[in-house]
Amino acid sequence: MDVPVWLWIVFAVTVVVSLTVDLLAHRKAHVIGFKEAGLWSALWVSLALVFGAVVFLTLGSTAGTEYTTAWLLEKSLSVDNLFVFALIFAYFKVPREYQHRVLFFGVIGALVFRAVFLTLGVAVVNRFTFVLFLFAAVLFYSSYKILSGQEENFDPGKSFAVRLLRKVMPVQDHYSGTHFVVREEGRRVATPLLAVVAAIEAADLIFAVDSVPAVLAVSDDLFIVYTSNAFAILGLRALYFLLAGLLDRFHYLSHGLAIILAFIAVKLVLQACHKMISTSIPEIPSPVSLAVIVIILAVSVTLSMRRPAKSPDGPDASGTSGTSGTDTDK
C-alpha cells in the first residue's frame with residue numbers, strides 16, 4: 001500500500017501530542033473516577049475513528065475497513081488484558097492514585113514493543129507465507145485454552161521482568177509516592193512502582209503472542225496494523241478505569257474472544273491456502289470479518305448482562321471483584 005509520508009507524520013504527531021496531553025492532564029496523582037474515565041474513553045475512541053475516516057478518505061474503502069477491523073479486534077482483545085492489569089495491581093497493592101502513572105509508562109512500552117513485533121511480523125509474512133499456518137495454530141491453541149479453562153495463570157511476582165529487576169537492583173517494600181527509583185542509604189533502589197511497570201511490560205509481551213498474529217490476519221500492511229494497534233493501546237488506560245470493578249460482569253466475554261480468535265485463525269488458514277495452494281480457495285473479506293467481530297462482541301456482552309454469573313457469596317457476580325483493582329488502596 002502506497003502510504004503518503006504526510007499521513008505517517010500526522011499519525012506520529014497525533015500520538016506524541018496525545019501522550020503529552022494525557023501526561024500533563026494527569027501529572028498530579030489522583031484516583032481516576034468513572035466519569036473522568038468515561039470522558040477520556042470517549043476522546044480516545046473518537047480520535048481513533050477520526051483517524052480511520054482520514055485513512056478511508058486518503059487510502060480508500062479497503063484500507064479504511066481493514067483499519068477499523070484491526071482497531072476493533074485489538075480493542076476487544078485488550079479487554080481481556082484488563083483482568084491481568086487488575087491482578088497485577090492487586091498483587092502489588094498499588095494505591096489507586098498511582099495506577100494511571102503505571103499504565104501510562106506501560107502504554108509507551110507497548111507502543112515500542114508492538115512497533116518492533118509488527119514490523120518483524122509483516123516482513124516475515126510477506127516473505128514466508130507458510131508462517132500464516134503457524135500463526136493460525138497459535139490462535140487456535142489460545143482459543144482452546146480459553147474455552148477449556150486452561151489459560152496459564154500469570155504470576156506478577158514471578159515474571160521474568162520482575163525477577164530481572166530484582167537482580168539488577170534492590171526493590172524496597174514500600175511506595176515512595178510516584179517515584180520509580182529513590183536513594184536509600186546512599187544507593188539507588190527501585191520502588192514497588194517500578195516492579196509494577198516491569199510486570200505490566202512482561203504482560204504485554206504475552207499479549208502480543210495473540211494480538212500480533214490476529215491483526216496480521218486482517219492486513220499485512222505495516223501502516224494499517226500499527227496505527228490501529230496504537231490507537232487501541234492509547235485508549236487502554238481509560239478503558240481500564242472505566243471498567244474497573246465491573247470486569248467480572250462480562251463473564252461471557254472471554255468465550256466471545258475465544259471464538260473471535262478461532263475465527264481469525266480460520267481466516268489465516270484460508271489466506272495461506274489462497275496464496276500457496278490455489279487462488280480458487282476463497283478468502284474472508286475484511287467487511288465480513290468486521291461484521292463477525294461486532295456481532296460476537298455484542299452477543300457476548302448481551303448474554304453477560306442478561307445471565308449474571310453465579311457467585312459463592314451471592315446470587316450473581318455483579319459486585320466488585322477482589323482483583324478489580326478497586327480495593328488496593330491500602
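Begin by selecting helices H1 and H4 in this predicted model, where H1 passes H4 in a left-handed crossing. Helix H1 covers residues 5-25, and its axis runs 11 Å from that of H4, at an angle of about 165°; the two helices are therefore roughly antiparallel to each other. To see the contact itself, show the side chains of Val 15, Leu 19, Asp 22 and Leu 23 on H1, together with His 100, Phe 104, Val 107 and Leu 111 on H4. By class, these residues divide into six nonpolar, one polar and one charged.

Keep H4 (residues 96-127) selected and add helix H9 (residues 236-243), which packs against H4 at an angle of about 145°, with the axes 9 Å apart. Here H4 passes H9 in a right-handed crossing. On the H4 side, display Gln 99, His 100, Leu 103, Phe 104 and Val 107, which meet Arg 237, Tyr 240 and Phe 241 of H9. This contact has five nonpolar, two polar and one charged residues.

Turn next to the aromatic rings, for which a search of the whole structure finds 17 pairs. Select Phe 51 and Phe 223, whose ring centres lie 6.1 Å apart with the planes at 40°, so the pair is tilted. Phe 51 belongs to helix H2 (residues 34-59) and Phe 223 to helix H8 (residues 222-234), so that this pair links parts of the chain 172 residues apart, and both residues are buried. Then add Phe 231, whose ring centre is 4.9 Å from that of Phe 51, with the planes again at 40°, so this pair is tilted. Phe 231 is in H8, and its pairing with Phe 51 ties together parts 180 residues apart in sequence; both are buried.

Finally, extend the selection to Trp 8, Phe 11, Tyr 67 and Tyr 226, which ring pairs link with Phe 51, Phe 223 and Phe 231 into a cluster.

Key:
Residues are numbered from 1 along each chain as its sequence is written. This is a predicted model: local features need pLDDT of at least 70, side-chain atom pairs count only at pLDDT 80 or more; totals for chains, interfaces and linings use all residues. Side-chain values use heavy atoms; hydrogens and water are left out. Axes are lines fitted to C-alpha atoms, for helices over the stretch in contact, and angles run from 0 to 180 degrees between N-to-C directions. Helices (H or I, at least four residues) and strands (E, at least two) are DSSP runs, numbered from the N terminus. A crossing is left-handed if the near helix is turned anticlockwise from the far one by less than a right angle, and right-handed if clockwise. Contact means heavy atoms within 4.5 Å. Ala, Val, Leu, Ile, Met, Phe, Trp, Tyr, Cys and Pro count as nonpolar, Asp, Glu, Lys and Arg as charged, and the others, Gly among them, as polar. Angles under 35 degrees count as roughly parallel, over 145 as roughly antiparallel, 65 to 115 as roughly perpendicular and the rest as oblique. Rings of Phe, Tyr and Trp (its six-membered ring) pair if their centres lie within 6.5 Å; planes under 30 degrees apart count as stacked, over 60 as edge-to-face and the rest as tilted. Buried means under 20% relative accessible area, exposed over 50%, partly exposed in between (1.4 Å probe, protein chains only).
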